[in-house]
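Please open the model in your viewer, with a cartoon for the backbone and sticks ready for side chains. The stops below follow one another, each with something to select and a note of what is there.

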Amino acid sequence: MNLTSFLQDKKLTIALKGEIDHHSAKDTMRVVGNKIDLYLPVLCVLDFKDVTFMDSSGIAIVISTLRRMREISGKVRLRCVPPQAMKVFLASGIERLVEIEEGATSV
């Protein structure tokens, strides 16, 4: 798992790439948390376009990001969630906690 990020107008976009599993989740949560602490965005967008596989560890990343953003009164949005990852998210009910961009799933 690797990621890239950019900040524009207090919106932090983090593009995740590769497999999200228990091996990569802890480091990903740490890096995302550090970026939030550094930039203090009002919105953090997690872009899943280049995620090739995700297990329930992806939910942990989203929850960790949500907690960090709530500490600074910010919001979290998920973008370009692939079908396999979307199944994991929908099974968890995560859409009740964070916004998932409509029509933004990749095939």
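Helices (H or I, at least four residues) and strands (E, at least two) are taken here as DSSP runs and numbered from the N terminus, and two strands are said to pair if DSSP finds at least two bridges between them. The model is a predicted one, in which local features need pLDDT of at least 70 and side-chain atom pairs count only at pLDDT 80 or more, while totals for chains, interfaces and linings use all residues. Residues are numbered from 1 along each chain as its sequence is written, and side-chain values use heavy atoms, with hydrogens and water left out.

**The hairpin.** Begin by selecting residues 2-8 and 11-20, which are strands β1 and β2, paired in the antiparallel sense over 7 bridges. The two strands form a hairpin with 2 residues between them, and in the turn Asp9 has a positive phi of about 50°. To follow the pairing, pick Gln8, whose bridge partner in β2 is Lys11, and then Asn2, whose partner in β2 is Lys17.

**The sheet.** Now add the remaining strands, and an open sheet of 5 strands appears in the order β1-β2-β3-β4-β5, with mixed pairing. Its edge strands are β1 and β5 (99-100), each of which pairs on one side only. Between β2 and β3 the pairing is parallel, over 9 bridges, and selecting Gly18 leads to its bridge partner in β3, Val51. Towards the other edge, β4 (residues 75-79) runs parallel to β5 and is joined to it by 2 bridges; Arg77 has Glu99 of β5 as its bridge partner.

**Helix α1 on the sheet.** Helix α1 packs on the sheet, touching β1, β2 and β3 (contact means heavy atoms within 4.5 Å), and its direction makes about 170° with that of β2; such angles run from 0 to 180 degrees between N-to-C directions, the axes being lines fitted to C-alpha atoms, for helices over the stretch in contact. Select Asp21 to see the N-terminal cap of α1, where a side-chain oxygen lies 3.0 Å from the backbone nitrogen of His23. Just after the helix, Leu40 takes a positive phi of about 45°.

**The two sides of α1.** Which residues of α1 are buried? They are Ser24, Ala25, Thr28, Val32, Gly33 and Ile36, where buried means under 20% relative accessible area, exposed over 50%, and partly exposed in between (1.4 Å probe, protein chains only). Seen down the axis of α1, these buried residues fall within an arc of 160° (taken from the directions from the helix axis to the C-beta atoms), so they line one face of the helix. On the other side, His23, Lys26 and Leu38 are exposed. The cover over the buried residues includes β1, β2, β3 (43-54) and α2 (57-71).

**Thr28 close up.** Within α1 (residues 22-39), select Thr28, which is buried with a relative accessible area of 4%. Leaving aside residues up to four places away in sequence, Thr28 touches Met1, Leu3, Leu16 and Ile61.

**Helix α3.** Finish with residues 83-92, helix α3, which lies across β3, β4 and β5 and runs at about 115° to β3.

Key: A polar contact is a pair of N or O atoms within 3.5 Å; within protein, one must be able to donate a hydrogen and the other to accept it, and residues adjacent in sequence count only if both atoms are side-chain atoms.
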